[in-house]
Structures are given as structure tokens and as C-alpha cells.
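Welcome, and please load the model in your viewer. We will go from stop to stop, with a selection to make at each one.

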Amino acid sequence: MRILYLIPARSGSKGLPGKNVKLLGNKPLVTYSIDFALQNMKEDDELCISTNDQDVIKIANDLGIDLPFVRPDELAADASSSYDVIMHALKHYEENRKNFDFVLLLQPTSPFRNNEDIENLFLNYSDDTEMVVTVKNSKENPYFTLFEENEFGFLDKSKIGDFQRRQDCPEVFAFNGSMYLFKVSALLEKKISEFKKIKKVVMPEERSIDIDTIADWTLAEFYLDKQ
């Protein structure tokens, strides 16, 4: 089983500019994901940091990591999808006669992971699985607290159900942005949005921080201090 550990770290964040290289505690945010990858990689695995950010490149080089490429500008725009970034990386390695069974996507905006989380990721994989993803229990529930505006301008529940309390609703989950384990053969067949065979690994709230705003950053500092 050969795994491509892929860290997507483009420049140009609108919510929190420069967040990937901003110091969280005593090291840049992106370094948490780099360290996690290096700690878990096996001999045949590969680490790929897909970035167009010169500061991220310098951080990687200072750690002794040579980047295989600089991400093209057309894949570093706000509208660029994770799927396009993944496929670009896979194509690069294929052209260099390197193929992988899985891609493990580690978003640098999710710094808190531990060995139990990644062990559970692989334990939950089976041969008929297209993706295993980390999630958190969602406080918002489509049966109770989520609504969509209808054609008349009124709010309808996103999912119909006769529940009087949120606690009685079916349990729902939200991607927490931390880890995505993709089967490469599935990626070659269809887009991620078309995946149907997805399994989950539930992570606790304190490890499910996905940093996009200054409020997220402040919460991450709080949890880091508690650790």
C-alpha cells in the first residue's frame, strides 16, 4: 500500500491572509501537517506539498524537503478545487513513473491530529470504500435547525422529519477538514462529489479546528494552550 501524503497550501487566503505560515505556538501552521506526515509515512510513501507560496516553500526547504513542483497559478485561485489539485499531483508523479494506491490529504488549516486519528482512518477502510474522511458531530441538524428558502421566500426545513427536540433527530456529521483518505482508482473514475462509498472517523471538537478566520485562530490558540 503506497500512499501520497498531500498537503495543499496555496497563498492568497482571504479570510486570514498568510495563515499557512503564521506562527501557531512556536511554529508555522503548515509545519503541524508536515510534521504529522513525516511521523507517519512509510518507506515507499511520498510527501507532496502543493503550493505556490514562496514562504511555504522556504519553510519546507528549511526542513530538508524538496518540493516536486510549484503549483500552477490556475490551480491556486479561489475557485480551484481539491480534486484538481490532487489530480495535478498524481499526474506529475505518474509522468515520473511513480504511482500510488491512496492519497492522504492533510489540510494545513487543521493542525490538531494524533496517532489514534490516523490509525482509525486506516482501520475504517475496506476494499469497497472510495474515501475515508474525518468528521465531527454536527450541532446543526437538517431535521431541526437547518432551513432552505423556498420559491415563495419562506423557510423550509432542509430535511423533513417530525422531531420535537434536536436530541431526538438522527445523528449527523460534518467534515472537519483534517484528513481525507482517497483510493486512487476511485479518483481516476469519478470526481469526489460523485463518491457514494464514504466512511467516517469521528474526531472530538478540540481536534476538529479548521482555521479560516481570526476567530478560528483564537480558538486554535486556546486549544493549543490547553494541550
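A disulfide here is a pair of cysteine sulfur atoms within 2.5 Å. Select the cysteines, then: a search of the whole structure finds zero disulfides. Two cysteines to look at are C48, buried with a relative accessible area of 0%, and C169, buried at 9%. Buried stands for under 20% relative accessible area, exposed for over 50%, and partly exposed for in between, with a 1.4 Å probe and protein chains only.

Before moving on, a word on the model: it is predicted, so local features need pLDDT of at least 70 and side-chain atom pairs count only at pLDDT 80 or more, while totals for chains, interfaces and linings use all residues. Residues are numbered from 1 along each chain as its sequence is written, and side-chain values use heavy atoms, with hydrogens and water left out.

Next, select residues 102-106, which make up strand β5. Strands (E, at least two residues) are DSSP runs, numbered from the N terminus. Which way do the side chains of β5 point? F102, L104 and L106 point one way and V103 and L105 the other way, and all are buried.

Now add the neighbours of β5. Two strands pair if DSSP finds at least two bridges between them. Strand β1 (residues 3-8) pairs with β5 in the parallel sense over four bridges; show L6 and you will find its bridge partner in β5, L105. Then show strand β9 (residues 173-183), which pairs with β5 in the antiparallel sense over five bridges. Here V103 stands opposite F182 of β9.

The rings come next. Rings of Phe, Tyr and Trp (its six-membered ring) pair if their centres lie within 6.5 Å; planes under 30 degrees apart count as stacked, over 60 as edge-to-face and the rest as tilted. The whole structure holds seven aromatic pairs. Pick Y93 and F100: their ring centres are 5.4 Å apart and their planes at 85°, so this pair is edge-to-face. Y93 is buried at 3% relative accessible area, and F100 is buried at 8%.

Then choose F175 and Y180, another edge-to-face pair, 5.9 Å centre to centre with 80° between the planes. F175 is partly exposed at 47%, whereas Y180 is buried at 12%. Add F182 and F195 to the selection, and you have a cluster of four residues linked by ring pairs.

Finally, look for charges over rings, meaning NZ of Lys or CZ of Arg within 6 Å of the ring centre and within 35 degrees of the ring normal. Select K22 with W217: K22 lies over the ring face, 5.1 Å from the centre. Last, select K200 with F173, where the charged end of K200 sits over the ring, 4.9 Å from its centre.
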